[in-house]
Amino acid sequence: MRLRILSGLGVLAAAAILTGCDSEPETAKLPDTKAQAAAKLKAGKAAKVKAAAAVRANELGQIPVLMWHRIVPKPQTTDDRSPAQFRADLERLVREDYVPITAAELVAGKIDIPAGKHPVVLTFDDSSPSQLTLNEMGEVQKDTAVAILREVAAKHPGWKPKATFYVTRDMFGKTVREEQAQALLWLKDNGFEIGNHTRDHLNLRGRSKQEVEEQIGTIGKTISSLAYLNPTTIALPYGNQPTKKEWALKGKQYHHQGAFLAGYTPAPAPFSKSYDAAGIPRIKAMEKKGDCAQFCSEAWLDWLKKNPDMRYTSDGDVSTVAYPKYKAPYLRKSFTTWSLPY
Ligand SMILES: [Zn+2]
């Protein structure tokens, strides 16, 4: 023991001598004067502005938050998508330079994606087994939403399989508490977000504050007891807000940073004055047909492609909000210190 301590000290002493020999002359280490520091800061900012302009960054632009329900071989309602359709939905996003972030990251303004890319939020409602089914080894069943997400991500390095699952008491078809815990813990351990979708999936419109708080609070409590986390976002059943929209955000047992609706437009950036945390719009994943001719994913992705000035484009720096100067009046005041107009 004593020997080990001694030899440890010996290494330390040798290291001190080595750094002593290698160190630069003291003069090189003099701190910058105030003027030098300011000049450095200015040059750094100028470089950031140039980089933001080069990729036409627009961090006050719109973000598609896409919504899926079941992923099943034979779609029965317009909410269902087949595995092939879902795969095609994701491949299109990859092709058009969208990179997934979670709903929690959106509402926190933590949009950490490469320069020139566009954020997209992938959300799954109702916690059905078609989204996540695991075998006894914790391996994901083929053709579930999670399996397809991971397949597509594996094919495209840099494209992370991030998504948000809005959970009700259905809990991916599991009724045994331990099995429910397994599903939620698996999602958490694999970087997926677990959100609140109320306990019984009731329409909250017109209900009393007490009923609203009970529907949201009880499932929140279940999630936290099973997976040791408190959801930070909620998706409202049928996209309907309670009498006071703030009830979805704050109750005795919960505090959400964002409440998501069910339709029908891309979402404003969290840095924009158009953003409302209590009602963030989503877009159903579906081709341009019937009710979806204008307001579902194919239509909106076509529109964002045709109108790139409307779309959120990242400057690659999570600590700034970069945008063309022209858009300045739309910046939310609380983000002034992050702002990087060009
Ligand atoms: Zn739902």
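Biologist: What makes Asp 126, His 197 and His 201 the protein donors of the zinc ion?

Modeller: Distance does the job here. In this predicted model, Asp 126 (OD), His 197 (NE2) and His 201 (NE2) lie 2.0 to 2.1 Å from the zinc ion, and a donor has to be an N, O or S atom within 2.8 Å of the metal. In sequence, these donor residues follow the spacing D-x70-H-x3-H.

Biologist: Why is His 197 called buried?

Modeller: The relative accessible area of His 197 is 1%, and buried means under 20%, so His 197 counts as buried.

Biologist: On to the sulfurs. How do you know that Cys 292 and Cys 296 are joined by a disulfide?

Modeller: The S to S distance between Cys 292 and Cys 296 is 2.0 Å, and the cut-off is within 2.5 Å. A search of the whole structure turns up one disulfide. Both Cys 292 and Cys 296 are buried.

Biologist: What makes the disulfide of Cys 292 and Cys 296 left-handed?

Modeller: The torsion about its S-S bond is about -60°, so the Cys 292 and Cys 296 disulfide is left-handed.

Biologist: Now the rings. How many aromatic pairs does a search of the whole structure find?

Modeller: That search gives 13 aromatic pairs. Take Phe 165 and Phe 172: their ring centres are 6.3 Å apart and their planes sit at 65°.

Biologist: And why is the pair of Phe 165 and Phe 172 called edge-to-face?

Modeller: Centres must lie within 6.5 Å for a pair, and planes over 60 degrees apart count as edge-to-face. With 6.3 Å and 65°, Phe 165 and Phe 172 pass both tests, so the pair is edge-to-face. Phe 165 is buried at 0% relative accessible area, and Phe 172 is buried at 3%.

Biologist: What about Phe 271 and Phe 335: what makes that aromatic pair edge-to-face?

Modeller: Phe 271 and Phe 335 come out at 4.8 Å centre to centre with 80° between the planes, against those cut-offs of 6.5 Å and 60 degrees. The pair links distant parts of the chain, 64 residues apart. Phe 271 is in the loop between strand E9 (258-260) and strand E10 (283-284), while Phe 335 is in the loop between strand E11 (321-323) and strand E12 (339-341).

Biologist: Phe 335 has a relative accessible area of 12%; why does Phe 335 still count as buried?

Modeller: The limit is under 20%, so 12% puts Phe 335 in the buried class. Phe 271 is buried too, at 1%.

Biologist: Which residues do ring pairs link into a cluster?

Modeller: The cluster takes in Trp 68, Phe 86, Phe 124, Phe 165, Phe 172, Trp 186 and Phe 192.

Biologist: Let's talk empty space. What lines the largest pocket?

Modeller: There are 32 lining residues, and Met 67, His 69, Thr 78, Asp 79 and Lys 284 lie nearest the centre. The pocket holds about 640 Å³ of space. Strand E10 and helix H8 (292-295) each contribute at least two residues to its lining. By class, that lining has 12 nonpolar, 10 polar and 10 charged residues.

Biologist: What makes the largest cavity a cavity, with its volume of about 30 Å³?

Modeller: A cavity is space where a 1.4 Å probe fits but cannot get out, whereas a pocket is open. The count comes to one cavity of 30 Å³ or more. Among the residues lining the largest cavity are Glu 59, Phe 271, Tyr 312 and Asp 317.

Notes. Residues numbered from 1 in each chain as written. Predicted model: local features only at pLDDT ≥ 70, side-chain atom pairs only at ≥ 80, totals over all residues. Heavy atoms only, no water. Buried < 20%, exposed > 50% of the residue type's maximum accessible area, 1.4 Å probe, protein only. Donors = N, O, S within 2.8 Å, 3.2 Å for Na, K, Ca; no water. Phe/Tyr/Trp six-rings, centres within 6.5 Å; stacked < 30°, edge-to-face > 60°. Helix = DSSP H or I, 4+ residues; strand = E, 2+ residues; numbered from the N terminus. 1 Å grid on protein atoms, 1.4 Å probe; cavity = no way out; pocket = protein on both sides within 12 Å on 5 of 7 lines; lining within 4 Å. Points joined across faces, edges and corners; volume = space filled by probe spheres on them. Nonpolar A, V, L, I, M, F, W, Y, C, P; charged D, E, K, R; others polar.
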